[in-house]
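Thanks for coming. I will go through one structure today, helix by helix, and then look at a few single residues. Please have the sequence and the structure open.

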Amino acid sequence: ALGLFAQLLQAQSWLLGLFILIGAVLGFYLPILWLDMRIRARREEIEYALPDALDMLTICVEAGLGLDAAMTRVAERWDNALGRAFGRVIYKVRVGKTRHEALRDMADQAGVTDLTNFVAAVIQVDKLGGGIAKLLRIQSEQMRVTRRQRAYGKANQTPVKLVFPLVLCFFPSMFIILLGPAVIRLLVTGL
């Protein structure tokens with residue numbers, strides 16, 4: 001009985017060590033995976049909202065507001081990642097940063113190429129003294145075309161993603177339904 005207890009204790013300690021190892025690996029990698037998913041979702045949210053935000057900025061600027069006031073309007077009206085980013089830009093400008101630095105910080109934090117290109121264009125127009133409303137309209141149209149192209153790209157990937165579920169789930173069921181009665185009839189009547 002004592003030998004059996006010792007063997008059981010060894011088996012449990014081995015199992016406990018395995019659980020600790022699995023827990024350590026999951027405890028290390030799960031937060032990283034969760035954070036990567038959140039970053040990807042935030043970037044997609046910004047990419048999706050950018051053309052609409054640029055439309056609103058354009059309307060506000062053409063109505064007579066300055067760029068800072070237009071960004072404030074977007075930040076007040078929208079509760080998404082881009083609206084919050086514009087709100088942080090306005091806050092940084094009010095605290096004492098220049099608009100260029102605040103916009104660059106926003107683009108760097110977001111990590112979205114379209115937003116970085118927009119910020120670079122705004123800074124360039126601001127330095128050269130061009131019309132911000134015209135820039136906003138052009139940028140908005142470009143972002144809308146880019147968003148449409150991304151949607152077409154995702155739609156074109158759908159058939160490829162459907163191949164494996166169809167082959168593994170749908171086709172076997174279909175073959176059983178279509179060929180099942182014939183196989184039963186052949187087995188009953190004999191080959």
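Which residues in α5 meet which residues in α6? On the α5 side they are Asp114, Phe118, Ala121, Val122 and Val125. On the α6 side they are Ile132, Leu135, Leu136, Gln139, Met143, Thr146 and Arg150. By class, the residues of this contact of α5 with α6 divide into eight nonpolar, two polar and two charged.

Before I go on, please keep in mind that this is a predicted model.

Now the geometry of that pair. Two packed helices are described by the angle between their axes and the distance between the axes. Helix α5 covers residues 113-128 and helix α6 covers residues 132-189. Their axes come within 11 Å and cross at roughly 165°. An angle over 145 degrees counts as roughly antiparallel, so α5 is roughly antiparallel to α6. The crossing of α5 and α6 is right-handed.

Helix α5 also has a contact with α4, which is residues 99-110. The axes of α4 and α5 come within 9 Å and cross at roughly 170°. That makes α4 roughly antiparallel to α5. From α4, the residues in this contact are Arg99, His100, Leu103, Arg104, Met106, Ala107 and Ala110. From α5, they are Leu115, Thr116, Val119, Val122, Ile123, Asp126 and Lys127. Here the classes come out as eight nonpolar, two polar and four charged. Val122 of α5 appears in the contact with α4, and Val122 also appears in the contact with α6.

The next pair is α2, residues 67-77, and α3, residues 81-95. How are α2 and α3 set against each other? Their axes come within 8 Å and cross at roughly 135°. Angles over 145 degrees count as roughly antiparallel and 65 to 115 as roughly perpendicular, so α2 and α3 are oblique to each other. The crossing of α2 and α3 is left-handed. In α2 the residues involved are Asp68, Met71, Thr72, Val74 and Ala75. They meet Gly83, Phe86, Gly87, Val89, Ile90, Val93 and Arg94 in α3. This contact of α2 with α3 has seven nonpolar, three polar and two charged residues.

Now some single residues, beginning with helix α1, residues 2-62. Leu54 is found in α1. Is Leu54 buried or exposed? Its relative accessible area is 0%, so Leu54 is buried. Leaving aside neighbours within four places in sequence, Leu54 is in contact with Phe118, Leu136, Gln139, Ser140 and Met143. Leu54 and Phe118 are 64 residues apart along the chain, and their C-alpha atoms are separated by 9.4 Å.

Thr58 is in α1 as well. At 2% relative accessibility, Thr58 counts as buried. Beyond four places in sequence, Thr58 is in contact with Ala133, Leu136 and Arg137.

Leu67 is in helix α2, and is buried, with a relative accessible area of 8%. What does Leu67 touch, not counting residues up to four places away in sequence? The list is Val61, Arg99, Val122, Ile132 and Leu136. The C-alpha atoms of Leu67 and Ala133 are separated by 9.1 Å, with their positions 66 residues apart along the chain counted as the separation.

Back to α5 for Asp114. With a relative accessible area of 11%, Asp114 is buried. Again leaving aside neighbours within four places, Asp114 is in contact with Leu50, Met143, Thr146 and Arg150.

Arg185 belongs to α6. At 64% relative accessibility, Arg185 counts as exposed. How many Å separate Arg185 and Ile138, C-alpha to C-alpha? They are 69 Å apart in space and 47 residues apart in sequence.

Last, the cysteines. A disulfide is a covalent bond between the sulfur atoms of two cysteines. How many disulfides does a search of the whole structure find? The search finds zero. Cys60 is buried, with a relative accessible area of 10%, whereas Cys169 counts as exposed at 53% relative accessibility.

That is the end of the tour.

Terms used. Residues are numbered from 1 along each chain as its sequence is written. This is a predicted model: local features need pLDDT of at least 70, side-chain atom pairs count only at pLDDT 80 or more; totals for chains, interfaces and linings use all residues. Side-chain values use heavy atoms; hydrogens and water are left out. Axes are lines fitted to C-alpha atoms, for helices over the stretch in contact, and angles run from 0 to 180 degrees between N-to-C directions. Helices (H or I, at least four residues) and strands (E, at least two) are DSSP runs, numbered from the N terminus. Angles under 35 degrees count as roughly parallel, over 145 as roughly antiparallel, 65 to 115 as roughly perpendicular and the rest as oblique. A crossing is left-handed if the near helix is turned anticlockwise from the far one by less than a right angle, and right-handed if clockwise. Contact means heavy atoms within 4.5 Å. Ala, Val, Leu, Ile, Met, Phe, Trp, Tyr, Cys and Pro count as nonpolar, Asp, Glu, Lys and Arg as charged, and the others, Gly among them, as polar. A disulfide is a pair of cysteine sulfur atoms within 2.5 Å. Buried means under 20% relative accessible area, exposed over 50%, partly exposed in between (1.4 Å probe, protein chains only).
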